[in-house]
Amino acid sequence: MTLQFWGATRTVTGSLHYVETNGKRFILDCGLYQGHRDEAESLNRNIPVKHIEELDYLFLSHAHIDHSGNIPTLVKSGFRGKIVTTKATADLISIMLLDSAYIHEKDIEYVNKKRRKKGLPPKEPLYTKKDVEESLKYLEPIQYEKWFKVSEDVKVIFYDAGHILGSALILIEVQEDHGKRRLLFTGDIGRKNLPIIKDPYQVENVDFLISESTYGGRYHRPYKEVSSELRDLINRTYKRKGKIIIPAFSVGRTQEIVYEIHNLHENNELPDIPIFVDSPLSVNVTEIFKRHPECYDDEALEIINNNENPFGFERLIYIKDVEKSKELNSINKPCIIISASGMCEAGRILHHLKNSISDKRNIILIVGYQAQGTLGRNLVEKKKVVRIFGEEYERKADVIVLNEFSSHGDRRDLLNYAEKSSAEKIFCVHGDPDQMEQFAQGLRELNKKEVYIPERGDVFEL
Ligand SMILES: [Zn+2]
């Protein structure tokens, strides 16, 4: 078996790994690289896998754009194999890739306007809606925990990764003369007791493990503690007549926050405060959540069985329409506004921040990872003055960070998982270098002798 690492090597985005075994060739994930514009552009436009047209499969772990977002480029580059993934992921990427194409098309319009002024020729978007529609034809959704036969001696199975709706751990089992060999790819590993979705499934008897390392060096606080903190800050802000602005990714985090607020509401722990989810994509994604109860944990199922909708209750209002979104600006009473993008780089969240940031009664609640160089990161760093739409704003609103809503396991979870998998060779991917080093060190302390942090392009013969 040959492994080659092409993405999420010593970084958190652009997940892409190549596997060749018993005459079959496939890739694990095809994510978008996110980072500095020029570097990201060149990495995303040129998928480095050789003979893309001969690939048999793309096995996709989950719908997050850093794992799925470059599929249209893959298909444009000649891929004609099958994209195998869970049913929920197939549904999610169908709308998320369209949204991504829209962003790329808008983005290039802006870039081309600037290029025209400089007399430079226009550029094409990375991909368009049409490219997305074309690539969705190759989808082959499968069920969790059912073997998918690649050939007589190679099969693949997806287990719940407990990270977001539809997320999977991908196990590849190869029959060889001297016995079976098992390679497990974690995609992103979730956490126990996350709302709505199931806990990660523990795969055992693994030989080789490709593991994410996002929080390989950090610990999360228990979920319960965070939930009471959320309750307290909502009550506090309500009393001083402030607003709570929550930037959140449309998939996963938004539904989890809504679910958590729903629980607080059900237990009569919240004041009479309206809650707005202002994002057209969140609205669509929430519809997909509703369609996939097979992914829910027992708690979420019980709520559904009691004929309640955990994503909608009387005080929660979903906003699709732009005009309605603008009307939120003139609301002059306490409310909660959840909106995208999660790192405050684009989207409607910018209008809400612009409107609320200079009032000290308000709170900006950060619930997800904020990459370097984003407005979100400036907020986390509590900068006194920030730029929104190119203008400076004095920040008087308080910024509160609740990392624990993260849908990634922490150091303890990742080390436990690797240990129980009993893998002898472990490849650390998908993490900032410091987190990876600490994770690798932790693995070595558990007596794992073969731990690697591959560089881009590194090849391993197993
Ligand atoms: Zn993810």
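How many bridges join strand β4 to strand β5, and do these strands run parallel or antiparallel? In this predicted model, strand β4 (residues 57-59) and strand β5 (residues 82-86) are joined by 3 bridges and run parallel. One residue of β4 can be followed across to its partner: Y57 is bridged to K82 in β5. As a reminder, the strands of a sheet pair through backbone hydrogen bonds, in either a parallel or an antiparallel way.

The wider sheet comes next. It is an open sheet of 7 strands, and reading across it gives the order β6-β5-β4-β3-β2-β1-β22, with mixed pairing. At its edges lie β6 (139-142) and β22 (459-461), each of which pairs on one side only. On average, neighbouring strands of this sheet are turned by 20° against each other, with direction ignored. A helix also meets this part of the structure: α4 (residues 87-117) lies across β5 and β6, and runs at about 115° to β5.

Attention now turns to a pair of helices. Two packed helices are described by the angle between their axes and by the distance between those axes. For helix α13 (residues 411-421) and helix α14 (residues 433-445), the packing angle is about 45° and the axes are 10 Å apart. Helix α13 is therefore oblique to α14. The crossing of these two helices, α13 and α14, is right-handed. On the α13 side, the contact is made by R411, L414, L415 and A418, while α14 contributes F439, G442 and L443. Sorted by class, the contact of α13 with α14 has 5 nonpolar residues, 1 polar residue and 1 charged residue.

Terms used: Residues numbered from 1 in each chain as written. Predicted model: local features only at pLDDT ≥ 70, side-chain atom pairs only at ≥ 80, totals over all residues. Axes fitted to C-alpha atoms, helices over the stretch in contact; angles between N-to-C directions. Helix = DSSP H or I, 4+ residues; strand = E, 2+ residues; numbered from the N terminus. Parallel < 35°, antiparallel > 145°, perpendicular 65-115°, else oblique. Left-handed = near helix turned anticlockwise from the far one by under 90°. Contact = placed C-beta atoms within 7 Å. Nonpolar A, V, L, I, M, F, W, Y, C, P; charged D, E, K, R; others polar. Pairing = 2+ DSSP bridges.
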